Amino acid sequence: MRWKVAILTASDRGSRGEREDTSAQVIRELIEEEMNGEIIEYRVVPDEKDEIMAALIEMTDYFRADLILTTGGTGLAARDVTPEATLSVIDRHAPGFAEAMRMYSLQKTPRAMLSRAVSGIRGKTLILNLPGSPKGVSENLSAVIDQLPHALAILTGREGDHGDEA
Ligand SMILES: Nc1ncnc2c1ncn2[C@@H]1O[C@H](COP(=O)(O)OP(=O)(O)OP(=O)(O)O)[C@@H](O)[C@H]1O
Ligand SMILES: Nc1nc2c(c(=O)[nH]1)N[C@H]1C(S)=C(S)[C@@H](COP(=O)(O)O)O[C@H]1N2
């Protein structure tokens, strides 16, 4: 059993096909190489709360992802609404992941404080927000990836390929 991971990119430019989604590629590489995860669904939506919510709900309730990683829309710009969409679909908060990512990221750049990323649980799916830039994605995901197999094992009641390693 490999962990089933979905990637959701929230980006106006990306949804118009105006930019290669290198941030999603960074997520895919880290998940496949560091966690032996399988990307089961990938979607790009504009920075619209309803569209982000709908994608998160489908990835959870229909695709049954163990983990959803979002990228983009966590900053202070008017159209950045990924955290609000996430908070609208979760049943339970799991703030430790976002806290750990911000703490680690602040050692890389003071700009990390601009990320409003949140983390929480819908059903048996863990949802983590990551920033939009490839560098932000890499640094934030690296901060928590070692703990994810253990976290997902507890959340889902299953063991992944790598079992309870952490
Ligand atoms: N999915 C992505 N792939 C590659 N680079 C990205 C992606 N999302 C954002 N970036 C880059 O990260 C930086 C900050 O992104 P920001 O969230 O402000 O995106 P934006 O381009 O202003 O808006 P949007 O992505 O919503 O159109 C920018 O340099 C942007 O090019
Ligand atoms: N580790 C890390 N975290 C980071 C960054 C980064 O380069 N590295 N960029 C920051 C910046 S500049 C912004 S604006 C916020 C939000 O990014 P987003 O609006 O693209 O989601 O993430 C922050 N978090």
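**Ligand 1 shell and helix H7**

Me: How do the residues of the shell around ligand 1 divide into nonpolar, polar and charged?
Reply: In this predicted model, Ala, Val, Leu, Ile, Met, Phe, Trp, Tyr, Cys and Pro count as nonpolar, Asp, Glu, Lys and Arg as charged, and the others, Gly among them, as polar. Sorted that way, the shell holds one nonpolar, ten polar and five charged residues.

Me: What pLDDT does the chain average?
Reply: Residues are numbered from 1 along each chain as its sequence is written, with chains lettered from A and ligands numbered from 1 in the order written. Local features need pLDDT (the predictor's confidence in each residue, 0 to 100) of at least 70, side-chain atom pairs count only at 80 or more, and totals for chains, interfaces and linings use all residues. Here 96% of the residues score at least 70, and the chain average is 96.

Me: Which helix gives the largest share of the shell around ligand 1?
Reply: Helices are DSSP runs (H or I, at least four residues; strands are E, at least two), numbered from the N terminus. H1 (12–15) and H2 (22–34) each supply at least two shell residues. The largest share, three residues, comes from H1.

Me: Why do the buried residues of H7 line one face of the helix?
Reply: Buried means 20 or more other C-beta atoms, placed from the backbone, within 10 Å of a residue's own (exposed: 12 or fewer; partly exposed: in between). In H7 (148–156) that picks out Leu148, Pro149 and Leu152. They line one face because, seen down the helix axis, the directions to their C-beta atoms fall within an arc of 95°.
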